[in-house]
Amino acid sequence: MRKVKAITIFIMAVWLSLSTAQAHIDLIKPKPMMDGYALDRQALKVAPFGTPFFDVVAAEATQVKAGSEIEVEIDVYIIHPGEIIISYTRDMEGRDVMPVMKIDSMDSEVVHKNMLHRGTSPCPEDNCKARRAQGVKYKTRVKLPDMEGDLILVVRQLMTDKLDQQQDGSVSLKRVYYHQAAKLHLVK
Ligand SMILES: [Cu+2]
């Protein structure tokens with residue numbers, strides 16, 4: 001187990017040093033496990049939580065009422081055309097919310113598991129061109145599942161201008177995502 005973890009961390013370190021794209025969102029509410037500028041703004045590239053080198057199991061959780069509706073607020077500091085998706089998992093490794101990395105064609109729907117919300121990314125002044133922005137907020141309310149215990153709320157930005165058409169017609173989604181997550185503790 002130890003060896004596997006060491007190898008995973010090594011792969012992540014190499015991967016982080018090679019990737020050039022930086023994070024674009026910052027979850028304001030609820031409080032995220034890792035902020036949107038963490039690790040030189042590289043952290044959010046790492047699926048499913050955007051928390052490399054971070055102990056999700058030991059992380060502090062925000063207490064909320066099971067089955068209640070909470071407000072989610074995201075600061076979008078780099079604009080891209082696309083979507084904001086909010087989902088959840090009870091698996092501290094998030095295996096059931098891993099993103100899809102390939103679709104059959106540009107028309108294929110990107111499916112997300114355990115989804116609580118799906119909306120269009122904000123485009124100030126109807127301009128979705130990729131650019132820096134200030135004070136652009138994405139706010140929504142989501143209804144949490146009616147269950148007790150720890151839950152990870154996952155916020156995902158999907159950038160549709162980063163879809164890569166492949167030779168065979170399929171589309172790679174390797175460059176389209178940012179992830180950020182908050183740990184919640186649900187009580188009755
Ligand atoms: Cu960008």
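Here is a short briefing on the fold, the sheet and the core of this chain. The model is a predicted one. Its protein chain holds 2 helices and 13 strands, and of its 188 residues, 31% are buried. Strand β10 is a good one to follow, as it turns up in both the sheet and the largest nonpolar core.

**Overall picture**
- Take the contacts between residues at least 6 apart in sequence: 78% of them join residues at least 24 apart.

**The five-stranded sheet**
- Five strands form an open sheet with mixed pairing, in the order β2-β13-β10-β5-β7.
- At its edges sit β2 (62-65) and β7 (115-120), each of which pairs on one side only.
- From one strand to the next, the twist averages 30°.
- Inside this order, β10 (residues 149-159) and β13 (residues 177-187) run antiparallel to each other, paired over 10 bridges.
- If you would like a landmark on that pairing, look for Val155, which stands opposite Gln180 in β13.

**The nonpolar core**
- The largest nonpolar core counts 36 residues, and Ile74, Leu153, Val154, Val155 and Ala181 have the most contacts inside it.
- Two or more residues each come from β1 (25-29), α2 (38-41), β3 (69-76), β5 (82-89), β10 and β13.
- The top contributor is β10, which gives 7 residues.

**A closer look at Leu153**
- Leu153 is among the residues with the most contacts inside the core.
- Leaving aside residues up to four places away in sequence, Leu153 touches Pro30, Ile86, Tyr88, Ala181, Ala182 and Leu184.

Definitions and conventions. Residues numbered from 1 in each chain as written. Predicted model: local features only at pLDDT ≥ 70, side-chain atom pairs only at ≥ 80, totals over all residues. Pairing = 2+ DSSP bridges. Helix = DSSP H or I, 4+ residues; strand = E, 2+ residues; numbered from the N terminus. Axes fitted to C-alpha atoms, helices over the stretch in contact; angles between N-to-C directions. Core = buried A, V, L, I, M, F, W, Y, C linked by C-beta atoms within 7 Å. Buried ≥ 20, exposed ≤ 12 C-beta atoms within 10 Å, placed from the backbone. Contact = placed C-beta atoms within 7 Å.
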